[in-house]
Amino acid sequence: MTALNRVPSLMVRAGTASALTLAAVGGSVVLPGVATDAAAATTATKALQVAASKKGSPYKWGATGPRRFDCSGLTLYSFKKAGKKLPRTAAQQYNKSHHISASHRKAGDLVFFHSGSNVYHVGIYAGKGKIWHAPKTGDVVKLQKIWTRSVWYGRIS
């Protein structure tokens with residue numbers, strides 16, 4: 001450990017470090033609201049990575065992994081591995097998520113496909129208009145372009 005790496009912990013223990021001082025030497029500060037957003041981003045990023053790692057896994061209705069998945073089984077599994085518990089079905093996951101607009105979506109958010117008020121499918125937003133999902137019987141977990149405008153977005157915090 002270099003002296004520079006020890007500076008933040010020494011200053012924090014002495015109670016003399018400001019947020020700017022810590023930022024200047026690579027330390028971190030816990031601020032209300034900001035830490036929650038950062039934790040959500042980390043969770044979402046991890047969940048996205050887990051989903052991507054399941055590329056090619058076969059679809060099986062009702063399956064929650066680790067080798068086979070249905071759509072909500074993939075999202076449940078991915079977020080569980082990232083440290084968050086989700087309900088089982090796409091509709092239940094929609095109700096558990098913080099609803100956001102398309103303009104505020106970020107990689108790792110959930111994408112809910114709906115017909116009217118009925119949520120029938122879910123995937124994890126990968127950015128650039130694409131999702132990781134388990135599409136249907138006979139298919140596999142894959143990255144695919146969102147094919148409809150009938151989607152809602154949700155964030156897991």
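The second largest pocket of this predicted model has a volume of about 160 Å³. Its lining is made up of Y59, W61, G62, D70, C71, S72, R88, T89, A90, Y120, H121 and P135. Two elements give two or more residues each to this lining: α4 (71-81) and β3 (118-127). Sorted by class, the lining holds 6 nonpolar, 4 polar and 2 charged residues. A probe the size of a water molecule, rolled over the atoms, shows where empty space is left.

Two lining residues deserve a second look. D70 and R88 both line the pocket, and they form a salt bridge with each other. Their closest N and O atoms are 2.8 Å apart. Where do D70 and R88 sit in the chain? D70 is in the loop between α3 (34-53) and α4. R88 is in the loop between α4 and α5 (90-96). The pair is 18 residues apart and links distant parts of the chain. In total, the model has 3 salt bridges.

The loop between α3 and α4 has another feature. P66 also lies there. A cis peptide bond joins G65 and P66, with omega at about 5°.

Now turn to the sheet. Strands of a sheet pair through backbone hydrogen bonds, in a parallel or an antiparallel way. Here, 6 strands form an open sheet with antiparallel pairing. What is the order of the strands? It reads β1-β6-β2-β3-β4-β5. The edge strands are β1 (98-100) and β5 (142-145), and each of them pairs on one side only. On average, neighbouring strands are turned by 45° against each other, with direction ignored.

β3 brings sheet and pocket together. This strand gives two or more residues to the pocket lining, and it has β2 and β4 as its neighbours in the strand order. With β4 (residues 130-133), β3 pairs in the antiparallel sense over 3 bridges. One bridge joins G127 to its partner K130 in β4. The loop between β3 and β4 contains K128. Phi of K128 is near 55°, a positive value in a residue other than glycine.

Last comes α4, the other element named for the pocket lining. Which strands does α4 lie across? They are β2 (110-115), β3 and β4. The helix runs at about 45° to β3. Thus α4 and β3 appear twice in this tour: in the lining of the second largest pocket, and in the packing of α4 across the sheet strands.

Notes. Residues numbered from 1 in each chain as written. Predicted model: local features only at pLDDT ≥ 70, side-chain atom pairs only at ≥ 80, totals over all residues. Heavy atoms only, no water. 1 Å grid on protein atoms, 1.4 Å probe; cavity = no way out; pocket = protein on both sides within 12 Å on 5 of 7 lines; lining within 4 Å. Points joined across faces, edges and corners; volume = space filled by probe spheres on them. Helix = DSSP H or I, 4+ residues; strand = E, 2+ residues; numbered from the N terminus. Nonpolar A, V, L, I, M, F, W, Y, C, P; charged D, E, K, R; others polar. Pairing = 2+ DSSP bridges. Axes fitted to C-alpha atoms, helices over the stretch in contact; angles between N-to-C directions. Contact = heavy atoms within 4.5 Å. Salt bridge = Lys/Arg side-chain N within 4 Å of Asp/Glu carboxyl O.
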